[in-house]
Amino acid sequence: MPIPFLVSVNEAFNNLTSLTVIIQGSVDEAFTTPKNIVSFTMPLADLKVGAKIPYDILPTEIKGLRYLRTRYEVVGTAPSTGKVTAGVVGAVDEGYYGNV
């Protein structure tokens with residue numbers, strides 16, 4: 001059964017060159033050996049309010065991993081503005097990019 005997942009921009013970013021969003025899984029809560037499940041990089045020009053980072057469902061690689069987290073990596077200068085929200089959702093709206 002697919003698990004819908006959404007990462008959306010709530011506040012526009014400034015300064016950075018790009019933002020990489022990485023979904024990681026682990027068998028333990030401490031993420032002693034995290035596994036990168038999927039990642040996607042968005043340039044500053046695309047990090048506007050309402051933008052959706054294209055993960056519409058979590059890939060099957062999460063099987064057997066009890067814990068999930070989202071990691072963000074900034075390329076360039078650290079931004080002073082910008083917020084994203086990420087999480088499992090009931091569904092992702094139609095007209096969305098599609099799964100990467």
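Let me start with the pairing of β1 and β6, two strands that run antiparallel and are joined by 6 bridges. Please keep in mind throughout that what we are looking at is a predicted model. One residue pair from this stretch that you can find on the screen is valine 9, whose bridge partner in β6 is valine 84.

Strand β1, which covers residues 5–11, also pairs with β4, again in the antiparallel sense, and here the pairing extends over 2 bridges. If you would like to follow it residue by residue, valine 7 has isoleucine 53 of β4 as its bridge partner, while serine 8 has lysine 52 of β4 as its partner.

Putting these pairings together, we have an open sheet of 3 strands, in the order β4-β1-β6, with antiparallel pairing. Which strands stand at the edges of this sheet? They are β4, residues 52–53, and β6, residues 83–88, and because each of them has a single partner strand, one side of each is left without a neighbour in the sheet. As a general reminder, strands of a sheet pair through backbone hydrogen bonds, and they can do so either parallel or antiparallel.

Staying with β1 for a moment, is this strand mostly covered or uncovered? It is mostly covered, since 5 of the 7 residues of β1 are buried, where buried means under 20% relative accessible area. For the chain as a whole, 34% of the 100 residues count as buried.

Let me now step back to the whole chain, which contains 6 strands and 0 helices, so that, reading from the N terminus, the elements run β-β-β-β-β-β. The radius of gyration of the chain is 14 Å, close to the 13 Å that the globule rule gives for 100 residues, and the chain is therefore as compact as a globular protein of that length. Measured out along its principal axes, if I may put it loosely, the C-alpha trace spans about 40 × 35 × 15 Å.On contacts, if we take those between residues at least 6 apart in sequence, 77% join residues at least 24 apart.

Finally, a word on the surface and the charges. The accessible surface of the chain comes to about 6000 Å², and 54% of that surface belongs to carbon and sulfur atoms. As for charged side chains, the chain has 8 positive and 9 negative ones, and the centres of the two sets lie 4 Å apart.

Notes
Residues numbered from 1 in each chain as written. Predicted model: local features only at pLDDT ≥ 70, side-chain atom pairs only at ≥ 80, totals over all residues. Heavy atoms only, no water. Pairing = 2+ DSSP bridges. Helix = DSSP H or I, 4+ residues; strand = E, 2+ residues; numbered from the N terminus. Rg over C-alpha atoms; globule rule 2.2 N^0.38 Å. Buried < 20%, exposed > 50% of the residue type's maximum accessible area, 1.4 Å probe, protein only. Contact = heavy atoms within 4.5 Å. Areas by Shrake-Rupley, 256 points an atom, 1.4 Å probe, with all protein chains shown as cover. Lys, Arg positive; Asp, Glu negative; His and termini not counted. Charge placed at Lys NZ, Arg CZ, Asp CG, Glu CD.
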